[in-house]
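Got your viewer open? Load the model below, keep the selection tool handy, and we'll walk through it stop by stop.

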Amino acid sequence: MKFKMTHLLYSDSGTTKGTKKSTKEKPERKYKMNLSTLICTNFAGVRFLRVKSLGTITMCFPHVHEDTKDILQSAMDKAKDYGDFAEILCNRVCTEVVDPLTTYFAYYFAYNQGYFKLFDRLQVAGKHSVLAQPLLLNVNADRGMSVAWNECQKSIAVALEVAESDWIACHIYLAWRVMAERMYTESYTDSGVMRVLESKIDDDNDFSFFISYLYGIKGDRHRKERDFEEAMKMYDQAIIHAKKHDDLLSYAFLLADKANMVKRTNVEEALNLLDLQREVCETIGYAEGLGHNNLQLGHIAMAKGEFNLGIHHQNAYLQTLIHLGKNNYDAARLIAMLYNLMGDGARALELIDCNRYELNAKPISFALINEAWAMVNLRRFSDAEIILSQAKELILKSDDEVRLALTYFVEGLIEKSRNDFAAASYTFDRALSIFERYYSHAFINLTLVYLADIEIDTFSYETLNESLDFSGPMMEKLWDHVRKNNLPGIDAQSKLLKAKFLFKQGQVEQSKKLVKEVQNISKSSNMQYLEDMAKLLLPELSL
């Protein structure tokens with residue numbers, strides 16, 4: 001469906017409705033913002049100091065009426081940071097009669113930092129604007145409500161129809177589209193508008209502020225298509241342009257996106273990007289960005305086998321979501337998965353049950369996989385199989401290979417728990433091939449651990465003529481893997497497996513030494529779960 005764009009980006013004269021185009025160089029903006037001075041590091045490691053207005057807000061000033069501009073400036077003057085600015089603006093719009101564009105900006109500055117509580121406040125106050133309706137639909141969809149793509153198209157068409165200038169229309173469209181691109185597969189069909197936007201942005205310097213949005217959307221598309229190299233190029237360009245225009249909120253958002261990409265192949269670079277991203281978020285008061293920072297750090301900690309640290313970061317992410325008024329059950333599921341990784345099925349199930357209403361209303365495969373896994377940890381295998389079949393039914397409709405691999409992984413756990421080692425090895429191998437293809441490091445690592453453990457359990461000790469260090473190729477592969485990578489928790493688990501293998505060969509003292517080493521690690525790190533794992537794996541050697 002093509003929708004009417006009216007004057008948006010089609011003006012032959014290059015002018016925008018309601019504003020005068022000037023060929024003279026624009027004077028330096030008079031509007032100052034008393035937000036904190038930003039001191040940060042660019043991604044080449046060069047430090048720089050910038051003291052100027054925050055472009056995320058001030059770039060709209062030449063394109064709005066004086067009343068709107070004065071209200072935005074007044075909120076900036078009173079704000080201590082960006083989050084505070086959004087709240088002050090929201091409160092003013094809720095208590096005063098303002099024009100639709102000012103109402104739109106109240107919604108937008110809450111929307112682009114995920115501050116959904118402010119959305120609710122504006123709705124309760126009866127502050128509605130057709131300009132903000134596309135953003136509201138995105139928020140509803142993010143909260144789990146059913147929103148059809150054609151409903152989104154209709155709302156954005158109406159918003160663009162009444163937008164008072166091309167620049168504002170472009171702002172509305174891209175603010176909506178960046179999030180819609182990640183939420184609706186149908187967004188691919190909306191390519192005509194994007195081509196017009198690209199042409200306008202290329203031809204008119206007034207629109208250069210939006211270049212980072214276009215590159216970000218292209219990066220998202222390449223990532224979906226698994227063209228990671230091209231996606232990285234797009235994200236790098238988006239970051240450069242966001243920083244150039246002082247769009248520091250987009251800059252922080254994009255840094256987190258890039259870190260999420262980079263962590264697949266270079267964890268240290270990802271951590272450096274997250275350090276920078278956190279610094280920017282703390283400086284401008286971007287709470288959701290700090291939440292994304294903890295989310296990524298939690299994923300990295302999980303991949304390293306630092307499960308207790310992972311829970312710490314995901315709990316921080318959960319608290320951010322609660323503060324912003326966003327759905328938090330996805331974060332709760334991540335925490336439940338970490339408890340499952342530590343073998344604590346009861347705690348995992350408790351977290352899943354806290355969100356039972358959402359799960360019953362709209363079954364989600366990841367939640368069902370977690371629930372099945374918790375049942376395995378509780379040794380309720382029949383229940384696990386029933387729940388896992390429900391998850392697989394949903395996954396086969398969605399064609400999500402990683403989640404399909406997770407069902408194989410949990411099936412392997414069930415088979416291993418029943419001592420059906422041949423079936424478990426086959427099932428784990430199926431999961432591993434998918435995890436490796438998608439760079440799912442946490443589950444690559446854990447699957448290798450279980451395959452090595454099966455190899456140890458099925459080793460023919462009665463025919464052993466000499467002491468061995470490894471039970472076979474899988475244990476050796478795990479041992480080499482953890483020594484090539486910075487994986488402290490997985491390294492400790494590999495030492496417990498080696499202790500188990502040595503113990504089965506009768507080398508008790510050497511086995512005790514390794515167990516003691518791991519127990520000491522568990523007491524002085526973010527891996528306290530290792531103590532329980534040592535007791536479970538080698539109860540005879542619990543010290």
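Start by selecting Asn419, which sits in the loop between H21 and H22. This is a predicted model, so read each stop with that in mind. Check the backbone here: phi of Asn419 is near 65°, a positive value in a residue other than glycine. Is Asn419 buried or exposed? With 54% relative accessibility, Asn419 counts as exposed.

Now grow the selection to the helices on either side of that loop. H21 covers residues 401-417 and H22 covers residues 421-437. The two pack at an angle of about 160°, and their axes are 8 Å apart. That angle makes H21 roughly antiparallel to H22. Look at how they cross, too: H21 passes H22 in a left-handed crossing. To see the contact, show side chains on H21, including Val402, Ala405, Tyr408 and Phe409, and on H22, including Phe421, Ala424, Phe428 and Ile434. Colour the contact by class and you should get 13 nonpolar, 2 polar and 6 charged residues.

Next, jump back to another helix pair, H14 (residues 287-303) and H15 (residues 307-324). Here the angle is about 160°, with axes 8 Å apart. H14 and H15 are therefore roughly antiparallel to each other, and their crossing is left-handed. Among the residues making the contact are Gly291, His292, Leu295 and His299 of H14, plus Gly310, His313, Tyr317 and Thr320 of H15. What does the class breakdown look like for the contact of H14 with H15? There are 10 nonpolar, 10 polar and 1 charged residues.

Another loop is worth a click: pick Asp246, between helix H11 (228-244) and helix H12 (248-262). Its phi is near 55°, again a positive value in a residue other than glycine. At 8% relative accessibility, Asp246 counts as buried.

Last stop, the nonpolar interior. The largest nonpolar core has 96 residues. Which residues have the most contacts inside it? Select Phe85, Tyr104, Phe105, Phe109 and Leu174. Helix H8 (residues 166-183) gives the most to this core, with 11 residues. Zoom in on Leu174: setting aside its neighbours within four places in sequence, Leu174 touches Leu197, Ile201, Phe210, Tyr213, Leu214 and Ile217. Apart from this core lies another, of 82 residues, with Leu321, Ala405, Tyr408 and Val449 among them. You've already met Ala405 and Tyr408, on the H21 side of the contact with H22.

Conventions. Residues numbered from 1 in each chain as written. Predicted model: local features only at pLDDT ≥ 70, side-chain atom pairs only at ≥ 80, totals over all residues. Heavy atoms only, no water. Axes fitted to C-alpha atoms, helices over the stretch in contact; angles between N-to-C directions. Helix = DSSP H or I, 4+ residues; strand = E, 2+ residues; numbered from the N terminus. Parallel < 35°, antiparallel > 145°, perpendicular 65-115°, else oblique. Left-handed = near helix turned anticlockwise from the far one by under 90°. Contact = heavy atoms within 4.5 Å. Nonpolar A, V, L, I, M, F, W, Y, C, P; charged D, E, K, R; others polar. Core = buried A, V, L, I, M, F, W, Y, C linked by side-chain atoms within 4.5 Å. Buried < 20%, exposed > 50% of the residue type's maximum accessible area, 1.4 Å probe, protein only.
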